Amino acid sequence: MLTGEPAATSADPRGLFVGLATLDMVYRVPEHPGPNRKVVAVRQDLAAGGPAANAAVTFAALGGAARLVTGLGAHPLGRFAAAELAGRGVVVRDTAMEWAEPPAVASILVQDSTGERAVVSTHAAGMTVTPPDDLAVEVAKADVLLVDGHHPALALPAARAAAEASVPVILDGGSWKLATEKLLPYVTVAACSADFRVPGCASPPEAARALARYGVVTVLVTRGPDPVLWWSGGRSGSVPVPQVVARDTLGAGDVFHGALCWAVALGADVVVPEAAVRFAAAVAALRCSIVGPRAWLDDPALAELARSFPKGFPG
């Protein structure tokens, strides 16, 4: 089932995002409650979430044509999440319309004083998704593919099709998952969080070498406010990130990945990835500086960042 078909032109960068979509219930709290404690939220928000979904929203907000292949299902909560994504310019391909149960619902607490978040979610455990027959056609039309490791029944055929069509594949490496090892031979850029652990590797450089043996071209490691580390083709480096007052860190990594996809879709170099990383870090920093899961998308600074790339982001 398709939800939302925004107007796009042949000049728009085209991104395909395959993976998890959730419904996020976000509470901004003065402090995280302890055992047997209650706390009154100072703000609440309800929006779609999930790594692939948030990256697609970011890509669309930057001016790209974003398509999301995921599973949300026929339950009213799933339809709400799909409609919210469509309202943000994302075309949703829901491959779980036979699923009548609620979708994955994430309960999120964001601490008002620091912007740090705590998340509880099932990650769509047990949901049945079915790859669409024309998935390879969808992939071949894209300028970039992102997979987040969730819904491997969708991610693996999409990644294989991308490799066959010479479409760059970005892996959102939030954590090592059951399907990660099978995905790696098709991955162009593994954009990993500091929490990502390759089995048997004790350090980021060791992990980067291990990922390169799978065929990954470039490895990135994001570390919050610290510089992003990268390895590619025997070279390595680091890229500083803008320093901002963190008001809300929810989804910052997903935003980084969506902006990285946008830069790659526009032809940014992935072998020496510094220009793309600088841009993605700037977009993620903007997100962290504004309260709420969607308010930052409407800030004029986002459009200015999009207009400035690549001129304003040299390697």
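The lining of the largest cavity comprises eight nonpolar, three polar and three charged residues. These assignments come from a predicted model. The volume of this largest cavity is about 110 Å³. A total of 14 residues line the space. Among them, Asn54, Leu250, Gly251, Pro293 and Arg294 lie nearest the centre of the largest cavity. Three elements each give two or more residues to this lining: β3 (22–29), β4 (43–49) and α1 (51–61). The greatest share comes from α1, which supplies three residues.

The largest cavity is one of five in the structure with a volume of 30 Å³ or more. The second largest cavity holds about 50 Å³ of space. Its lining includes Val26, Tyr27 and Arg28, together with Arg43, Gln44 and Asp45. Val110 and Asp248 also line the second largest cavity. Val291, Gly292 and Pro293 are further lining residues of this cavity. Two elements, β3 and β4, each give two or more residues to the lining of the second largest cavity. By class, this second lining divides into five nonpolar, two polar and four charged residues.

The two linings have some contributors in common. Pro293 is among the residues nearest the centre of the largest cavity, and Pro293 also lines the second largest cavity. Strands β3 and β4 each give two or more residues to the lining of the largest cavity. Both strands do so for the second largest cavity as well.

Conventions
Residues are numbered from 1 along each chain as its sequence is written. This is a predicted model: local features need pLDDT of at least 70, side-chain atom pairs count only at pLDDT 80 or more; totals for chains, interfaces and linings use all residues. Side-chain values use heavy atoms; hydrogens and water are left out. On a 1 Å grid over the protein atoms alone, a cavity is a set of points where a 1.4 Å probe fits but cannot get out, and a pocket is an open set with protein on both sides within 12 Å along at least five of seven lines; lining residues have an atom within 4 Å of a point. Grid points are joined across faces, edges and corners, and a volume is the space filled by probe spheres set on the points. Helices (H or I, at least four residues) and strands (E, at least two) are DSSP runs, numbered from the N terminus. Ala, Val, Leu, Ile, Met, Phe, Trp, Tyr, Cys and Pro count as nonpolar, Asp, Glu, Lys and Arg as charged, and the others, Gly among them, as polar.
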